[in-house]
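Me: I'm new to reading protein structures. Could we go through this one together, with questions and answers?

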Amino acid sequence: MLLFSGTSNPKLAESIADEVSARFGKIEHLRFSDGEIGMRITDSFLRKHVYAVQSGGDNVNDSLIELLLMIDAFRRGAAKSVTAVIPYLPYSRKEKKDTRQDPISGKLVANLLQTAGIDALISVDLHSDAIEGFFDVPVVNISPVALFARHLRKIDLANTVIVTPDMGGAKRARSFARELEVPVVILEKIRPHNSPETEVMTMIGDVSSKEAVIVDDIISTGGTLINAAELIRERGAKKIHVCITHPLLCDNAVARIEASSIDTLFVTDTVAIPKEKLSKKIKVISIASLIATEIQNLIPGN
Ligand code: R5P
């Protein structure tokens with residue numbers, strides 16, 4: 001078995017390689033003067049099980065093309081199997097049409113990966129279960145709930161509620177609540193048409209004098225999270241912790257978190273966080289060992 005890393009999150013790829021004791025294949029990543037991406041794979045992968053690790057995040061479009069080129073090279077060079085390890089699957093937030101004339105970007109990305117030639121996909125906390133059905137190859141969708149729960153067990157669980165910032169996250173919130181045996185509070189989020197900013201309108205459940213844990217899959221601009229945190233603080237939450245799997249942390253999200261009443265934000269390392277975006281409130285928990293376990297499970301005897 002051989003592991004290859006794209007340029008999006010090499011630190012995570014290294015941690016995964018350490019966990020599975022796999023050899024790292026060498027790739028020279030190239031950039032041509034017209035902006036096109038190229039690569040030269042200098043380790044032989046002939047008849048080997050190959051794992052291509054690449055995530056979304058910053059420079060998402062380049063990362064996606066880079067991954068497709070890696071898969072194409074592995075396929076054409078007769079790798080025994082090609083598994084894409086995409087901790088944060090790009091474009092997965094657009095998994096349905098909101099208007100008649102929309103693309104379904106998540107489905108297109110699934111088609112591209114399969115056309116390039118993946119045999120399987122390992123990802124983490126997919127935005128929606130429907131995405132698994134976009135693929136006709138095995139998809140492993142790793143849940144980060146147990147990983148976060150290990151850290152949440154340090155707080156006063158007798159007085160804790162899990163909060164979802166929108167209806168779409170209710171299932172995720174229930175998984176946390178089941179794991180920790182605490183109640184769920186649901187917020188209803190209204191997103192004005194075509195606006196990246198969000199507005200929280202209503203709340204089902206009680207947060208008064210509680211330690212609240214807001215859970216979500218993605219933090220992008222931070223709008224959803226900050227609105228949710230403000231609402232539950234107004235309604236009397238004593239402390240606010242947050243667990244978010246994919247820390248995109250776009251625009252001024254970090255400054256907004258710093259200025260907010262959020263006490264701690266736990267995130268995973270599915271997406272690389274540049275040093276300047278790290279803050280005292282942000283605690284990064286590595287997903288590497290969960291991914292490594294799935295790599296070891298996927299192909300017996302590899
Ligand atoms: C939306 O459905 C997702 O689950 C997240 O709530 C959303 O992507 C977060 O985006 P932002 O941080 O820009 O509000």
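Me: Which atom type of the ligand does a backbone N or O atom of glycine 222 approach at 2.8 Å?
Reply: This is a predicted model, in which local features need pLDDT of at least 70, side-chain atom pairs count only at pLDDT 80 or more, and totals for chains, interfaces and linings use all residues. Residues are numbered from 1 along each chain as its sequence is written, and side-chain values use heavy atoms, with hydrogens and water left out. A polar contact is a pair of N or O atoms within 3.5 Å; within protein, one must be able to donate a hydrogen and the other to accept it, and residues adjacent in sequence count only if both atoms are side-chain atoms. At 2.8 Å, the backbone atom of glycine 222 has as its partner in the ligand an oxygen atom.

Me: How much of the ligand's accessible area does the protein cover?
Reply: Accessible areas come from the Shrake-Rupley method with a 1.4 Å probe; for residues, only the protein chains shown count as cover. On its own, the ligand has 370 Å² of accessible area, and the share covered by the protein is 90%.

Me: Which element gives the most to the shell around the ligand?
Reply: Helices (H or I, at least four residues) and strands (E, at least two) are DSSP runs, numbered from the N terminus. Strand E12 (211-219) and helix H6 (223-234) are the elements that give two or more residues to this shell. With four residues, the top contributor is E12.

Me: How far is an N or O atom in the side chain of aspartate 216 from an oxygen atom of the ligand?
Reply: Asp216 is among the residues that come nearest to the ligand, where near means a heavy atom within 4 Å. The distance from its side-chain N or O atom to the ligand oxygen is 2.6 Å.

Me: Why is one side of E2 and of E8 left without a neighbour in the sheet?
Reply: Two strands pair if DSSP finds at least two bridges between them. Six strands form an open, parallel sheet in the order E2-E1-E5-E6-E7-E8. Strand E2 (23-24) and strand E8 (139-142) stand at the edges, so each has a single partner strand.

Me: Which residue is the bridge partner of leucine 121 in E8?
Reply: Strand E7 (residues 120-124) and E8 pair in the parallel sense over four bridges. In E8, leucine 121 is matched with valine 139.

Me: Which residue in the turn between E3 and E4 has a positive phi?
Reply: Strand E3 (residues 27-31) and strand E4 (residues 37-41) run antiparallel, joined by five bridges. They form a hairpin with five residues between them, and the residue with a phi of about 95° is glycine 35.
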